[in-house]
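Reader: Could we go through this structure together? I should like to start with the packing and then turn to the pocket and the charged side chains.

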Amino acid sequence: MDGLEKYEKRLEQLGYEAKDKIGFGNAPHEIARIVKDEEIDFLVMGVHGHKGIKDVIFGTTLDAVRHKTKVPILIVNS
């Protein structure tokens, strides 16, 4: 069982509906496509450490995704 499957199973154990998906290519475009295609209503995105809080909140991928989607996004710092 890979990491994504473990997260999916744990979320299901907690009572949430979860599906793991992997996209290829331009990350913001693929994330937005999957959100739309799968009718996702809540998105969790992980970010890695940066030097300033602005970089954490407005990272390149995160910033593009939040402009391409209309769902709430929870940002998790790794």
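Author: Certainly. One term is needed at the outset: a contact means heavy atoms within 4.5 Å. Please bear in mind that this is a predicted model.

Reader: Understood. Which residues does M45 touch, leaving aside residues up to four places away in sequence?

Author: M45 touches I31, T61, L62, V65, I73, L74, I75 and V76.

Reader: And which residues make up the largest nonpolar core?

Author: There are seven: V35, L43, M45, V47, L62, V65 and V71. M45 is thus one of the core residues, and L62 and V65, also in the core, are among the residues that M45 touches.

Reader: Which elements give two or more residues to this core?

Author: Those elements are strand 1, residues 43-47, and helix 4, residues 60-68. Strand 1 gives the most, with three residues.

Reader: Let us turn to the largest pocket. How much space lies in it?

Author: About 1,300 Å³. The lining has 28 residues, and L11, K19, F42, L43 and V44 lie nearest the centre of the pocket. L43 also belongs to the largest nonpolar core.

Reader: Which element gives the most to the lining?

Author: Helix 1 does, with five residues. Helix 1 (3-13), helix 2 (27-37), strand 1 and strand 2 (73-77) each supply at least two.

Reader: What is the lining like by class?

Author: It has 17 nonpolar, two polar and nine charged residues.

Reader: On to the charged side chains, then. How many salt bridges are there?

Author: The count comes to six. In helix 2, R33 takes part in two of the pairings: E30 forms a salt bridge with R33 at 2.9 Å between the closest N and O atoms, and D37 forms one with R33 at 3.0 Å.

Reader: Why are E30 and R33 about one helical turn apart?

Author: Because they are three residues apart in helix 2. D37 and R33 are four residues apart in that helix, which is also about one turn.

Reader: Is E30 buried or exposed?

Author: E30 is buried, because its relative accessible area is 12% and buried means under 20%. R33, at 33%, counts as partly exposed, as does D37 at 47%.

Reader: What does K9 do in helix 1?

Author: The side chain of K9 meets that of E12 in a salt bridge, at 4.0 Å from N to O. Both residues lie in helix 1, three residues apart. K9 is partly exposed at 41%, and E12 is partly exposed at 35%.

Reader: Finally, which residues are linked in a network of salt bridges?

Author: K19, K21 and E38 are linked in that way. K19 is also among the residues nearest the centre of the largest pocket.

Conventions:
Residues numbered from 1 in each chain as written. Predicted model: local features only at pLDDT ≥ 70, side-chain atom pairs only at ≥ 80, totals over all residues. Heavy atoms only, no water. Core = buried A, V, L, I, M, F, W, Y, C linked by side-chain atoms within 4.5 Å. Buried < 20%, exposed > 50% of the residue type's maximum accessible area, 1.4 Å probe, protein only. 1 Å grid on protein atoms, 1.4 Å probe; cavity = no way out; pocket = protein on both sides within 12 Å on 5 of 7 lines; lining within 4 Å. Points joined across faces, edges and corners; volume = space filled by probe spheres on them. Nonpolar A, V, L, I, M, F, W, Y, C, P; charged D, E, K, R; others polar.
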